[in-house]
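Biologist: I would like a close look at a single part of this model, taken slowly and with the cut-offs spelled out.

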Amino acid sequence: MRAMLLRAPRPVETAPLEAVDLPIPEPGPGEIRLRVRACGLCHTDLHTLEGELPLPRLPLIPGHQIVGEVEATDSDATRFSLGERVGVPWLHETCGRCDACKRGDENLCDSARFTGYHVDGGYAQFATVPQRFAHPLPDRFGDAEAAPLLCAGIIGYRALRLSDLRPRERLGLFGFGAAAHLAIQVARHWGCEIWVFTRSAEHRDLAKQLGAAWVGSAEDEPPGLLDRAISFAPAGRLIPVALEKLRKGGTLALAGIHLDRIPEMSYSLLYGERALRSVTASTRRDAEELLALAAEIPLRTEVERFPLAEANEALRLLKSSRIRGAGVLLIP
């Protein structure tokens, strides 16, 4: 099979992914094999390629927003039929036995394994996944349109929930990439007013098209205080900036998997019962709820398509915030 392989992390400008031919993987016990049709690009892929996350294995095929067709199954895997279209998100597998799993917090399982990180992902023509961690996809979305739902959509949805957002509240979004452009649509569906903070003029235009009531940069002074806020940017400097714009009793959720150094800040920014919390991966329940909600609203996924062979260039564009909405690799 054709795949884009990471042998060693280095800056994405140096094209760290190598186009290779590899054996087609065989499904293990309880697994299905997918003929991959599309795979979304994510900032987590950048953190992986550039070594900002500690890598549990190399070489590695990245990619964790996989849309594919069930092409083969293990004899014990009967959940899906051959030819059925399914999606594979970041969460690849959990132990199912620890306290976190038992209380429904499988995203916090110490033994969790993640797609395109612990196991090979979707920058390839084939991928395997435990059937319990794959999801049927709504028919109304094409392959490229469905791919961003599987991480950008899911993590945006979880961030909305962990921000304690309530209907008709005012929400601030810091950074406006793939996850934010889907989260704004969910929040608008809940009747919320959205203010977007981003440097990119193109991202500001998209935010306005999707219903943002106010747009500006993080340094701008908005016309009031926020009830809730989510930061999608991997920039720790934005934490005190966002907290300054949050009312007493409000919540700031940090939706990124990687964050650079958090600067020293005054306790007064948290005082007044403001809450600061991280968003850590997601659960299968998050995926199920988001996919159902995406079809109900329905969500509009703004995508830019790239052939698999151009993965390095697509990731360079992602790093420089030059992708409108979400980037998706189309697999030949």
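How many of the 12 residues of α5 are buried, and is α5 largely enclosed by the rest of the structure or left open?

Modeller: This is a predicted model, in which local features need pLDDT of at least 70 and side-chain atom pairs count only at pLDDT 80 or more, while totals for chains, interfaces and linings use all residues. Residues are numbered from 1 along each chain as its sequence is written, and side-chain values use heavy atoms, with hydrogens and water left out.

Nine of the 12 residues of α5 are buried (under 20% relative accessible area, with a 1.4 Å probe and protein chains only), so the helix is largely enclosed by the rest of the structure. Helices here are DSSP runs of H or I with at least four residues, and strands are runs of E with at least two, numbered from the N terminus. Among the buried residues are H181, L182 and Q185, and what covers the buried residues of α5, by contact (heavy atoms within 4.5 Å), includes α4 (152–162), α6 (201–209), α8 (284–296) and β17 (326–330).

Helix α5 covers residues 178–189, and its end C-alpha atoms are 18 Å apart, which agrees with the 16 Å expected from 1.5 Å times one less than its number of residues. The helix lies across β10 and β11, running at about 160 degrees to β11, where axes are lines fitted to C-alpha atoms, for helices over the stretch in contact, and angles run from 0 to 180 degrees between N-to-C directions. Just after α5, G191 takes a positive phi of about 80 degrees, and C192 is buried, with a relative accessible area of 2%.

Technical notes:
Buried < 20%, exposed > 50% of the residue type's maximum accessible area, 1.4 Å probe, protein only.
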